[in-house]
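Trainee: Please take a close look at one part of this model for me. I would like to see how its secondary-structure elements pack.

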Amino acid sequence: MELDVAGRTVRLSNPDKVYYPERGFTKLDVAQYYLAVADGVLRGLRDRPTTLQRFPDGVDGEFFYQKRAPKGLPDWLPTARIEFPSGRSADEICPTEPAAVLWAANLGCLTFHPWPVRRGDTDHVDELRIDLDPQPGTDFHDAVRAAHELRALLEEYGLRGWPKSSGGRGLHVYVPLEPEWTFTDGRHAVIALGRVLEERMPGRVTTAWWKEERGERIFVDYNQMARDRTIASAYSLRARPRATASTPLRWEELDDASPEDFDLRTVPARFAELGDLNAEMDGKAFRLDGLLELYEKQLRDEGLGELPYPPDHPKAEGEPTRVQPSRARKRT
């Protein structure tokens, strides 16, 4: 079938294919969802190199991440050259209109993973993304408590954060930035924030990279600000049986919210009523000077420096060993 998307025709093949068996949602349901929230999802993707998480056979089938722009790319869909940690490069799609979202949905894309940069400058981040990830033994409400403390901490440094559900058990908080800082700077800023949260919420928050050291705490995943690491965009559907979506939230509703409240059926009605809660981010741009000074102070006064990168990244100056602590003890 063909869909009219803001004046552009987008083809949708196999509209009756079931993508979410538990609830019976089809490919057409997914397309209609993205039509309903098109302005919101596009706000988070516009001009950003975007990786597509594709599920050609639905959430119960195999999936893959499409980083390089696929063959047959429409001539109206631009790309940007991005560089991976390995030094290799690729051209990724950069959505600029709602039709791009529906075009990707036709390929089986359920979740969009945009970079925190724009296609005009792919080396300087314009969003700080803080991922509050509940570890086993904790849940969404533990992440909410950490988010409230994070909000107060950001305000101390003249920053404002916008929260959203991850679509799973966690929370994401975004801060729009002046595009003057590198991925390393953004990552260091999140490390500095995470260390303060650890101090203020002992036993509840951690920046420990190795899972065996995290315990039942909320992990501040600082490596989500590393190059080529991305977070599901606002309004992206997630590959969960209930078809939940990563949804922008108001700070005052966090305490009563549940991730299961926001899904393919409920989010369009919420969007129609409230609009895009992240639209306020447009026109805002904060600076990282204070957090980077904090990182340097932690290094200078407490000897707290670099933390481990993901395994696909080159070894960074001052980075500790990447050997799992329990294995290091055995070797000793």
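Mentor: Here is a helix pair, followed by a sheet and the helix on it. This is a predicted model, where local features need pLDDT of at least 70, side-chain atom pairs count only at pLDDT 80 or more, and totals for chains, interfaces and linings use all residues. Residues are numbered from 1 along each chain as its sequence is written, and side-chain values use heavy atoms, leaving out hydrogens and water.

Start with helix α1 (residues 27–36) and helix α3 (residues 98–106). Helices are DSSP runs of H or I with at least four residues, strands are runs of E with at least two, and both are numbered from the N terminus. The two helices pack at an angle of about 165°, with axes 10 Å apart. Axes are lines fitted to C-alpha atoms, for helices over the stretch in contact; angles run from 0 to 180 degrees between N-to-C directions. So α1 is roughly antiparallel to α3 (angles over 145 degrees count as such).

In α1, Lys27, Ala31, Tyr34 and Leu35 meet Val101, Leu102, Ala105 and Asn106 of α3 (contact means heavy atoms within 4.5 Å).

Now the sheet. It is open and mixed, with 5 strands in the order β11-β12-β10-β14-β13. Two strands pair if DSSP finds at least two bridges between them. At the edges sit β11 (162–165) and β13 (205–206), each pairing on one side only. β13 runs parallel to β14 (residues 218–220), joined by 2 bridges. Thr206 has Phe219 in β14 as its bridge partner.

Helix α5 (residues 183–200) packs on this sheet. α5 touches β10 (125–134), β12 (171–181), β13 and β14. The direction of α5 makes about 40° with that of β10.

Notes. Angles under 35 degrees count as roughly parallel, over 145 as roughly antiparallel, 65 to 115 as roughly perpendicular and the rest as oblique.
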